[in-house]
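Hi,

Here is the structure I promised to pass on. Have a look at it first, then read my notes below.

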Amino acid sequence: MAQDLAQRLRGHWRRTLAGGERGQRALLRLPRVLANEDEARLPHCAPWCLGPSSFEHLLIALNDIARPVNLATALTPHFEMHPCIGLTLDTPWRHDIDNATNLLDHYAIPASIFVTSTPLEDTGLWRVLIGDGLWRRHLPERIRDALGDTGLPLPPMPPKHPDNAYSRALLNYFLQLEHADSRRLSEIGEHLLDILDHSLQPIDPFSARRLESGGLCRFGAGGLRFDGQDDNLLRQQMRRSRKTLAQLCREPLTAITCTGKPPSLTAQQVLQRCGVTTALLDTGGWLTRHSDTLVLPRIPLSQPIAQSPGRLFDYLFGYR
């Protein structure tokens, strides 16, 4: 409690000191937005999710301390007093996008949505399927068997009535799995997607074009990885992403989002030849005049940060 209060007060103090700085710009990565606030606040969901109430508090706080703008404006130098902040969301799932865009539309805040060429490339899919399946006691034995078959640590079995203690146990398990090989986690996500009865549906062209025509949302390619890929594989991934975007929307962004290591100089040349002008990474940090457009930082957000303007401001300016 004392640490939380100190962070809030420090944020307000930092805001007073930063009030005279002009031309500040940043890109924020929004977490997954759920339809239920109580579910989003569970320990095993909170680091990666927001509920509708916490997301609304975040948007109100951002409107108070900054000027939310579209991606193109956020990348353009300016001399205004208020920081210009661009919001980005990485997900292929229709319900996640709907949950976020309903409030974005209400407050007339633009956002850039980056979708993977196939849902299986969603880097957080394994966490969603394992967490939802175990929390709801849906085929927990099959989930444990699938994890054991790949050599990954086994999750704690759910009690008859899962509670906060079990949610914290799931959180510790997820933190343990984050040190595992990313390819194995993607494989287990793909396997669980096949064997579990789930409600995840990728966004469809009608929904994407409806959002695009509203003028607040633009779509780009997300989930690209550069670890150990040769130029031909990267070109194939880019062609697949461009084909997916062409089917989803009329004016896809020439920006992409990347996971894992930043693109090498050779990979950057391949991206440029494929028409990519901007690559966003989750390295954290504010944009500067010297930022490389193919290695741009984004600041990731989480549930605890969205609760107060003071804490949000302290967190954001901790990256400067």
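Let's start with the aromatic rings: searching the whole structure, which is a predicted model, turns up six aromatic pairs. One of them is Tyr 173 with Phe 174, a tilted pair whose ring centres are 6.3 Å apart, with 50° between the planes. Why do I call Tyr 173 buried? Because its relative accessible area is 3%, and buried means under 20%. Phe 174 counts as buried too, at 1% relative accessibility.

Another pair to pull up is Trp 286 with Phe 317. This one is also tilted, at 4.9 Å centre to centre and 45° between the planes. Where do Trp 286 and Phe 317 sit along the chain? Trp 286 is in the loop between strand 9 (278-281) and strand 10 (296-297), while Phe 317 belongs to helix 13 (residues 309-317). They are 31 residues apart, so the pair links distant parts of the chain. Trp 286 counts as buried at 10% relative accessibility, and Phe 317 is buried with a relative accessible area of 10%.

Now go back to Tyr 173 and Phe 174, since there is a bit more to see around them. Ring pairs join these two with Trp 48 and Trp 126 into a cluster. Trp 48 has a charged partner as well: the charged end of Arg 127 sits over the ring of Trp 48, 4.1 Å from the ring's centre.

Next, helix 7, which covers residues 140-149. Which of the residues of helix 7 are buried? They are Pro 140, Ile 143, Ala 146 and Leu 147. These residues lie on the same side of helix 7, because they cover an arc of only 125° around the axis. And what covers them? The list includes helix 6 (125-135), helix 8 (164-177) and helix 9 (182-195). If you follow the chain just past the end of helix 7, you'll meet Gly 151, which takes a positive phi of about 85°.

One last stop is Ile 65, which lies in helix 3 (residues 52-65). Is Ile 65 buried or exposed? Buried, because its relative accessible area is 6%, and the cut-off for buried is under 20%. You can also try a distance here: from C-alpha to C-alpha, Ile 65 and Leu 50 are 20 Å apart in space, and they are 15 residues apart in sequence.

Happy exploring!

Key
Residues are numbered from 1 along each chain as its sequence is written. This is a predicted model: local features need pLDDT of at least 70, side-chain atom pairs count only at pLDDT 80 or more; totals for chains, interfaces and linings use all residues. Side-chain values use heavy atoms; hydrogens and water are left out. Buried means under 20% relative accessible area, exposed over 50%, partly exposed in between (1.4 Å probe, protein chains only). Helices (H or I, at least four residues) and strands (E, at least two) are DSSP runs, numbered from the N terminus. The arc is that of the directions from the helix axis to the C-beta atoms. Contact means heavy atoms within 4.5 Å. Rings of Phe, Tyr and Trp (its six-membered ring) pair if their centres lie within 6.5 Å; planes under 30 degrees apart count as stacked, over 60 as edge-to-face and the rest as tilted. A charge sits over a ring if NZ of Lys or CZ of Arg is within 6 Å of the ring centre and within 35 degrees of the ring normal.
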